[in-house]
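Please look over the sequence and the 3D structure shown here before reading the briefing that follows.

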Amino acid sequence: MDSVSRAAEIHPSSIVADGARIGQGVRIGPWCSIGPDVVIEDGVHLIANVIVDGHTRIGAGVVCYPFTTIGMAPQDLKYRGEPTRCIIGTRTVIREHVTIHRGTATGSGVTRVGDDCLIMANSHVAHDCTLGNSVIIVNNVVMGGHVTIDDQARIMGAAALHQFVRIGRAALVGGVCGVEADVIPYGSVLGNRARLVGLHWIWLKRNGVQADEMHRLRRAFRALYPRAMEEESTAFSRRLAAVRAEYGDEPKVAEILAFIEAPSHRGLVRVAGGGAASIESDGV
């Protein structure tokens, strides 16, 4: 893939700068613009009006719908044109009007989207964000810089993620939800300001978690986040230790505990009050 592969199809209205590397079977539709430091791997389809700039790599089989921009300069006043990067994983689908900005020198230096993701229309992935594999971002989601979203998480429509927030694996963020703190793996959050309302039971069932494991997860969650006010007064560190002692051999519980104990800029999302409804569907 030295420059432009002979097998690539490039519409005559599109501009591919000298230095860009275009793989086999790439289709670049009308009115696209590809910068000189861009690498587009085999089988990518830029449907129309797509702009790719900066030191950006788009993985094999990615599809970009009209009016998406990838790898543009970050919206960070400290940015001074450093050669930071943007990396899109294989087979990811990026829908209309999505914006994905490259990283910053004061951050990780790279914005990264994993394999097999779906980023729906009008969403924004800010500088230095990291999305894992098979993440689904529904329409109009916005995220600040340095957000981390682990594999298979679901972010519903019009949610807003504060900078430096972590979203754990397979977590579910409800629609029109402002997330100001970290969401545990498999957690479900709802509300104008996100509150933890339970675990993402629908995802767990759909992904082969058996009944006995589900019961242990439920008991561990209730021990960590009890409903009774007198139990809630127990120090969180003591509840954490008790859950580790009783359920720490359960892999998903161990994953939740490790997430809670990992370094965090934002702390953990607060638990909803006793009357909050739990999420019954992942909405996808």
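What distance separates the centres of domain 1 and domain 2, taken over C-alpha atoms? These centres are 38 Å apart, and the bounds of the two domains come from an automatic or database domain assignment. This is a predicted model, in which local features need pLDDT of at least 70 and side-chain atom pairs count only at pLDDT 80 or more, while totals for chains, interfaces and linings use all residues. Residues are numbered from 1 along each chain as its sequence is written, and side-chain values use heavy atoms, with hydrogens and water left out.

**Domains and core**

- The domain assignment of the chain gives domain 1 (9–146) and domain 2 (204–261), and the largest nonpolar core draws at least three residues from each of them.
- A nonpolar core is a set of buried Ala, Val, Leu, Ile, Met, Phe, Trp, Tyr and Cys residues joined through side-chain atoms within 4.5 Å, where buried means under 20% relative accessible area with a 1.4 Å probe, protein chains only.
- The largest such core has 73 residues, and those with the most contacts inside it include Leu-46, Leu-131 and Met-143.
- Leaving aside neighbours within four places in sequence, Met-143 is in contact (heavy atoms within 4.5 Å) with residues including His-124, Cys-129 and Leu-161.

**Helix packing**

- The axes of H2 and H4, lines fitted to C-alpha atoms over the stretch in contact, come within 9 Å and cross at roughly 160°; helices are DSSP runs (H or I, at least four residues) numbered from the N terminus.
- H2 and H4 are therefore roughly antiparallel to each other, a term for angles over 145 degrees on a scale from 0 to 180 degrees between N-to-C directions.

Note on methods. Buried < 20%, exposed > 50% of the residue type's maximum accessible area, 1.4 Å probe, protein only. Helix = DSSP H or I, 4+ residues; strand = E, 2+ residues; numbered from the N terminus. Parallel < 35°, antiparallel > 145°, perpendicular 65-115°, else oblique.
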